[in-house]
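User: Hey, could you walk me through a few spots in this structure? I'm new to this, so plain words please.
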Amino acid sequence: MSEPVPCMQDTTYTTCPEAPELKAHLEDAEFTVTGVSWSPDGSKLAINHQPDPIITSFLRSDISLYDPESGERTPVVTNTAIDVFSDWSPEGDAFIYSSSVDNDSTNFFTNSRYFIYDLESGNTREVATNFDENLGNITWSDQGIYATAYRKTTRPMFLLDPENGEVTQVDQGKRLVFDISLSKDGKRVAIRGRDGDELNEVYLGSTGNFELKQLTDYNSQLEGWATVQSEVVSWESKDGAVIEGVLHKPQDYDPSKKYPLLVAIHGGPTGISLPDPTPAYVYPIVQWVNKGALVLRPNYRGSAGYGEEFRSLNVRNLGVGDAWDVLSGVDHLAEEGLIDTARLGSMGWSQGGYISAFLTTYSNRFKAVSVGAGISNWVTYYVNTDIHPFTRQYLKATPWEDMEIYEKTSPMSYINNATTPTLIQHGENDRRVPIPNAYELLQGLQDVGVDAKMIVYEGFGHGISKPKERLAAMWHNWQWFGKYIWGEDIALPVE
């Protein structure tokens, strides 16, 4: 073993100070700690914990208070479902937390509830009862409790009054706010956000008037780039539900032309697609738009930002209702005269991969489909996944209780109708959507004579997280859609 590198010192600082002695606490605790937060005076810790490290144990998480001096731990919030600590009051005499209380059957898609716990009395009262979305970035100051939440394709700031429990929107000048940090007195705020046609920047301002000063300049990196235009569009689905999506167009968009359309479907299903100058992941969206295509990223039923009722619309209707939303979006753009309906493609990862798999067997509208980490058979998924409650909540049954709903919502049920060339991408060690789903879809497509190709990314789980392999996955999509949408034979680049 090599010798440790000595610290470099000068007269003002030490670049690698001696590490403090580590002292273990709660060594005999029979739970897994998932989060800690010091009280403002540093006298106690709020601890979030769940029974064990198993991922689904978060559904039974609780909150305790811990006194490091005495070593005493006191459970204070112990509902039967999810309890999650959010933030201390400035005085440290209370804290706000979110909870599903006793709801362990719909909490994957229903709103969280919010409560304030008073330390002196031990009483809890509910707040934000009329707010129809989930709050994030919850930060308690003397002015009140600041938070963010999606409102369709915006993410404004909100102020929750801890006294009356009411939530009001704050006009802070940015369409999308993703992070909030307040000064100790709550009078100054730093946020990370954007309006949608640029990258996120960090801003500093006053909570009195929210006149923001930009501190960073990440967007200078995009100078000279042919980024995409982002436009929010809406349409009516088959059952009358109003669906929104983000439509990306090239900078030199010509309204007299009809463009190929590629549909990129987000995961979740409680994810959301937002205006963005450089959308990507394993899909070269910017490059496709510059090549001469439009890209639609639909916020299908179940997406975040549209309220609890909308998030519940695909319960016992997965795949079917989602397909309505995607296909009606394609129809809307066709009616507007924007797209060439002979050149349509669909793709997505995780839940987006599932919807794309459903579309490749359920519909013959597309010339090519790419299924990333997608579910092909809900029974196969249910018996293999690491989050079994997800399936039981959305389908409201196990396969053994209601096989009919599992068949109705599974792409494999429609395999004999499939004609669309399909690329299947999957991580070798995916536990969220285990790889048998990919092999089942591949075999089924091959059995009915559909051109199908499967690529396994060795060593990866549910996502492709390393740059080289992500670039490879992007190239695989570039090749696949280049072949079937543009009629090109594209080779992988040589290293």
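Analyst: Sure, let's start with serine 363, whose side chain reaches the backbone nitrogen of arginine 365 at 3.0 Å. That's a polar contact: a pair of N or O atoms within 3.5 Å, where within protein one must be able to donate a hydrogen and the other to accept it, and residues adjacent in sequence count only if both atoms are side-chain atoms. Keep in mind that this is a predicted model, where local features need pLDDT of at least 70 and side-chain atom pairs count only at pLDDT 80 or more, while totals for chains, interfaces and linings use all residues. Residues are numbered from 1 along each chain as its sequence is written, and side-chain values use heavy atoms, with hydrogens and water left out.

User: Where does serine 363 sit?
Analyst: You'll find serine 363 in the loop between helix 4 and strand 22. Helices (H or I, at least four residues) and strands (E, at least two) are DSSP runs, numbered from the N terminus.

User: Is serine 363 buried or exposed?
Analyst: Buried, because its relative accessible area is 6%. Buried means under 20% relative accessible area, exposed over 50% and partly exposed in between, using a 1.4 Å probe and protein chains only.

User: And what is serine 363 in contact with?
Analyst: Setting aside neighbours within four places in sequence, serine 363 has Leu327, Phe358 and Thr420 in contact. Contact here means heavy atoms within 4.5 Å.

User: Leu327 is in helix 3, right? Which residues of helix 3 are buried?
Analyst: Yes, Leu327 is one of them, and the buried set also includes Val320, Gly321, Asp322, Ala323 and Leu333.

User: How far apart are the ends of helix 3?
Analyst: The end C-alpha atoms are 22 Å apart, which agrees with the 22 Å that its 16 residues (320-335) should span at 1.5 Å a residue. The expected span is 1.5 Å times one less than the number of residues.

User: What follows helix 3?
Analyst: Glycine 337 does, with a positive phi near 75°.

User: Switching topic: which residues other than glycine have a positive phi?
Analyst: Lysine 152 is one of them, with phi near 55°. Lysine 152 lies in the loop between strand 10 (144-148) and strand 11 (157-160), and it counts as partly exposed because its relative accessible area is 45%. Lysine 396 also has a positive phi, about 60°. Lysine 396 is in the loop between helix 6 (388-395) and helix 7 (403-408), and it is partly exposed at 38%.

User: What about prolines? Which residues does the cis peptide bond join?
Analyst: Glycine 268 and proline 269, with omega about 10°. Proline 269 lies in the loop between strand 19 (259-265) and helix 1 (285-291).

User: And where's proline 434?
Analyst: In the loop between strand 23 (422-427) and helix 8 (436-447). Proline 434 counts as buried, at 7% relative accessibility, and it touches Tyr381, Asn384, Thr385 and His426, not counting residues up to four places away in sequence.

User: OK, helix 8 then. Which of its residues are buried?
Analyst: Asn437, Ala438, Leu441, Leu442, Gly444 and Leu445 are buried in helix 8. They cover an arc of only 170° around the axis, so they sit on the same side of helix 8. That arc is the one made by the directions from the helix axis to the C-beta atoms.

User: What covers those buried residues?
Analyst: The cover includes helix 4 (351-362), strand 22 (368-372), helix 5 (378-384), strand 23 and strand 24 (452-457).
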